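This report introduces one part of a protein model to a reader who has not met it before. The sequence and the structure are shown first.

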Amino acid sequence: MRVHVVGLASTQDVAANRTAAVEAVLEAADDGAHLVVLPEYAACFDPRGVTVRAEALDGPFVTALREAAVQSGVVVIAGLVVAGAGPADPPANVVVAVGPQGLLGTYHKVHLYDAFGQHESDRFAAGDPAAAPLVVDVDGLRVGVMTCYDLRFPESARRLVDAGATVIAVPAAWASGQDKVKHWRILLRARAIEDTVYVLGAAMQGRGVAGAPMVVDPLGVVLADPGRDPGERSATGGEGRQVAVADLDPAQVEAVRGRNPSLVNRRYTVVPRV
């Protein structure tokens with residue numbers, strides 16, 4: 001399965017963001033991709049976190065992704081802010097999975113980013129930790145979905161693996177700061193190694209965010225990282241799109257799990273704390 005993991009540089013121009021997202025999907029399809037992963041907040045991004053626009057799941061952004069998926073035949077995973085059910089209800093930080101058959105599922109971010117001086121829970125409603133994990137079938141692999149700050153919680157990835165995931169997609173707008181690029185790269189590799197899965201990290205580009213899109217294999221080997229930088233500097237500028245492209249093989253997951261049966265040997269389970 002070929003994947004395109006895309007680092008967009010979304011802004012508050014929602015029409016331009018939709019265009020960029022659709023272009024990324026169609027370019028990926030032209031390259032033979034079966035799966036495209038776009039960042040958290042792909043529909044609209046403000047690094048200050050104060051004016052991100054909410055949409056409905058049948059709004060312009062998801063509709064554009066669905067149309068692109070039908071046209072291209074690929075599955076697309078992307079983040080957006082979804083309006084609350086009522087006028088007084090807070091919006092939610094949501095990742096959608098869409099395919100040629102329509103909306104495949106949604107994931108409402110469980111771990112809101114209340115860390116490193118930020119407080120995402122002031123703006124959004126957290127997802128239910130007991131809700132069923134989002135795992136979708138794509139070309140012989142099972143792709144589980146979490147987002148951004150969830151990456152710092154290994155039990156989130158393990159719960160997806162318990163639901164059958166052989167790939168974990170991580171759309172993110174990884175906030176910049178001291179050592180944050182190092183954290184991004186290390187945590188993506190750690191989740192791959194401990195869960196013997198492929199990990200796809202789609203990092204937002206632009207001001208206020210860090211990291212680059214990455215693809216990591218079940219042994220923790222980095223297969224694609226267009227932002228590799230010996231100085232590990234945060235990506236705090238630049239408006240260009242970055243794409244990590246790799247071919248994933250279900251047989252690789254099976255082979256690694258055969259040599260390293262850590263999932264079988266484990267002695268603890270993951271139980272949501274509600």
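## Helix H3 and its surroundings

Helices H3 and H4 are oblique to each other, because an angle that is neither roughly parallel, roughly antiparallel nor roughly perpendicular counts as oblique. In this predicted model, the axes of H3 and H4 cross at roughly 45° and come within 10 Å. The crossing in which H3 passes H4 is right-handed. Both helices contribute residues to the contact, as the table shows.

| Helix | Residues in the contact |
|---|---|
| H3 | Pro154, Ala157, Arg158, Val161 |
| H4 | Arg191, Glu194, Asp195 |

Sorted by class, the residues of this contact comprise 3 nonpolar and 4 charged ones, with no polar residue.

Helix H3 covers residues 154–162, and its buried residues are Ser156, Ala157, Arg158, Leu160 and Val161. These buried residues pack against several elements: strands E6 (135–138), E7 (141–145) and E8 (167–172), together with helices H4 (180–195), H5 (250–259) and H6 (262–265). After H3 comes Gly164, which has a positive phi near 105°.

Ser156 of H3 is also among the residues touched by His111, once residues up to four places away in sequence are set aside. The others are Glu120, Tyr149, Asp150 and Phe153. His111 itself is found in the loop between strand E5 (102–108) and E6. Is His111 buried or exposed? It counts as buried, because its relative accessibility is 18% and the limit for buried is under 20%. The side chains of His111 and Asp150 are joined by a polar contact of 2.8 Å.

Key:
Residues are numbered from 1 along each chain as its sequence is written. This is a predicted model: local features need pLDDT of at least 70, side-chain atom pairs count only at pLDDT 80 or more; totals for chains, interfaces and linings use all residues. Side-chain values use heavy atoms; hydrogens and water are left out. Buried means under 20% relative accessible area, exposed over 50%, partly exposed in between (1.4 Å probe, protein chains only). Helices (H or I, at least four residues) and strands (E, at least two) are DSSP runs, numbered from the N terminus. Contact means heavy atoms within 4.5 Å. A polar contact is a pair of N or O atoms within 3.5 Å; within protein, one must be able to donate a hydrogen and the other to accept it, and residues adjacent in sequence count only if both atoms are side-chain atoms. Axes are lines fitted to C-alpha atoms, for helices over the stretch in contact, and angles run from 0 to 180 degrees between N-to-C directions. Angles under 35 degrees count as roughly parallel, over 145 as roughly antiparallel, 65 to 115 as roughly perpendicular and the rest as oblique. A crossing is left-handed if the near helix is turned anticlockwise from the far one by less than a right angle, and right-handed if clockwise. Ala, Val, Leu, Ile, Met, Phe, Trp, Tyr, Cys and Pro count as nonpolar, Asp, Glu, Lys and Arg as charged, and the others, Gly among them, as polar.
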